[in-house]
Amino acid sequence: NPLQLVKECYRILKPGGTLVIATPNSSSWGHRIYGKDWRGLETPRHLYVYTISSLSRLAESEGFQTIRKWTSIRGGSWMFIGSRSIRLKKKFITGSSQPACVHFWARCMQLVEWILLKRNPLLGEEIVLIVKK
């Protein structure tokens, strides 16, 4: 229950305390490409997947003040490798061995996403939100 979790974080933080949240971005370029095969949708680990604005609204609705928010390509190559595997093989095993050409392709995809982030900073694979009580 994300709302309950945010409420509990607010309750236990001291005044002025900081909460950092990092989670997959449902508005990412990878999600646009892979749709239902996007690795960020990995149930049951991620039952809720947010946009940067919906995550900010959730935190602010419980009294947090947004300090900084952004999306990043951190872990992007593994998101692309995982999504590719899910699309082709219908599964992905974290830590599984991948051919060098797949790693190279994934790094190229991550580079393209980095370039795209320069035009649209909301396309990164991961949301990072820093809020303060």
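These are my notebook entries on the fold, two helix contacts, one loop residue and two pockets of this chain.

**Entry 1: overall layout**

I began by noting that the model is predicted, and then looked up the secondary structure, which comes to five helices and three strands. Reading from the N terminus on, I wrote the order of the elements down as α-β-α-α-β-α-α-β. For the extent of the chain I took the C-alpha trace, which spans about 50 × 30 × 20 Å along its principal axes.

**Entry 2: H1 against H3**

I next looked up how helix H1, residues 2–12, lies against helix H3, residues 52–61, and found that their axes come within 9 Å and cross at roughly 50°. That angle makes H1 oblique to H3, because angles from 65 to 115 degrees would count as roughly perpendicular and those under 35 degrees as roughly parallel. The crossing in which H1 passes H3 is right-handed. On the H1 side I listed Pro 2, Leu 3 and Val 6 as the residues that make the contact, and on the H3 side Leu 58, Ala 59 and Ser 61. Sorted by class, the residues of this contact divide into five nonpolar and one polar, with no charged residue.

**Entry 3: H4 against H5**

I then turned to helix H4 (76–89) and helix H5 (residues 100–119), which pack at an angle of about 120° with their axes 8 Å apart. H4 and H5 are therefore oblique to each other, and the crossing in which H4 passes H5 is right-handed. From H4 the contact takes in Gly 76, Ser 77, Trp 78, Phe 80, Ile 81 and Arg 84, while from H5 it takes in Val 102, His 103, Trp 105, Ala 106, Arg 107, Met 109, Gln 110 and Glu 113. By class I recorded seven nonpolar, four polar and three charged residues for the contact of H4 with H5.

**Entry 4: Leu 13**

I looked up Leu 13, whose place is in the loop between H1 and S1. Which residues is Leu 13 in contact with, leaving aside its neighbours within four places in sequence? I found Thr 18, Leu 19, Phe 64 and Lys 133. For Leu 13 and Lys 133, which are 120 residues apart along the chain, I noted a C-alpha separation of 7.1 Å.

**Entry 5: the largest pocket**

For the largest pocket I noted a volume of about 340 Å³ and a lining of 17 residues, of which Pro 2, Leu 5, Ile 21, Thr 23 and Tyr 50 lie nearest its centre. The elements that give two or more residues to this lining are H1, strand S1 (18–24) and H3, and the largest share, five residues, comes from S1. Pro 2 thus appears twice in my notes, once among the residues nearest the centre of this pocket and once in the contact of H1 with H3. By class, the lining of the largest pocket has 13 nonpolar, three polar and one charged residues.

**Entry 6: the second largest pocket**

The second largest pocket has a volume of about 270 Å³, and I counted 13 residues in its lining, with Pro 24, Arg 45, Arg 74, Met 79 and Glu 126 lying nearest its centre. Here S1 and H4 are the elements that give two or more residues to the lining, and S1 gives the most, with three residues. By class, I entered four nonpolar, three polar and six charged residues for the lining of the second largest pocket. To close, I noted again that S1 gives the largest share to the lining of the largest pocket and also the most to that of the second largest pocket.

Note on methods
Residues are numbered from 1 along each chain as its sequence is written. This is a predicted model: local features need pLDDT of at least 70, side-chain atom pairs count only at pLDDT 80 or more; totals for chains, interfaces and linings use all residues. Side-chain values use heavy atoms; hydrogens and water are left out. Axes are lines fitted to C-alpha atoms, for helices over the stretch in contact, and angles run from 0 to 180 degrees between N-to-C directions. Helices (H or I, at least four residues) and strands (E, at least two) are DSSP runs, numbered from the N terminus. Angles under 35 degrees count as roughly parallel, over 145 as roughly antiparallel, 65 to 115 as roughly perpendicular and the rest as oblique. A crossing is left-handed if the near helix is turned anticlockwise from the far one by less than a right angle, and right-handed if clockwise. Contact means heavy atoms within 4.5 Å. Ala, Val, Leu, Ile, Met, Phe, Trp, Tyr, Cys and Pro count as nonpolar, Asp, Glu, Lys and Arg as charged, and the others, Gly among them, as polar. On a 1 Å grid over the protein atoms alone, a cavity is a set of points where a 1.4 Å probe fits but cannot get out, and a pocket is an open set with protein on both sides within 12 Å along at least five of seven lines; lining residues have an atom within 4 Å of a point. Grid points are joined across faces, edges and corners, and a volume is the space filled by probe spheres set on the points.
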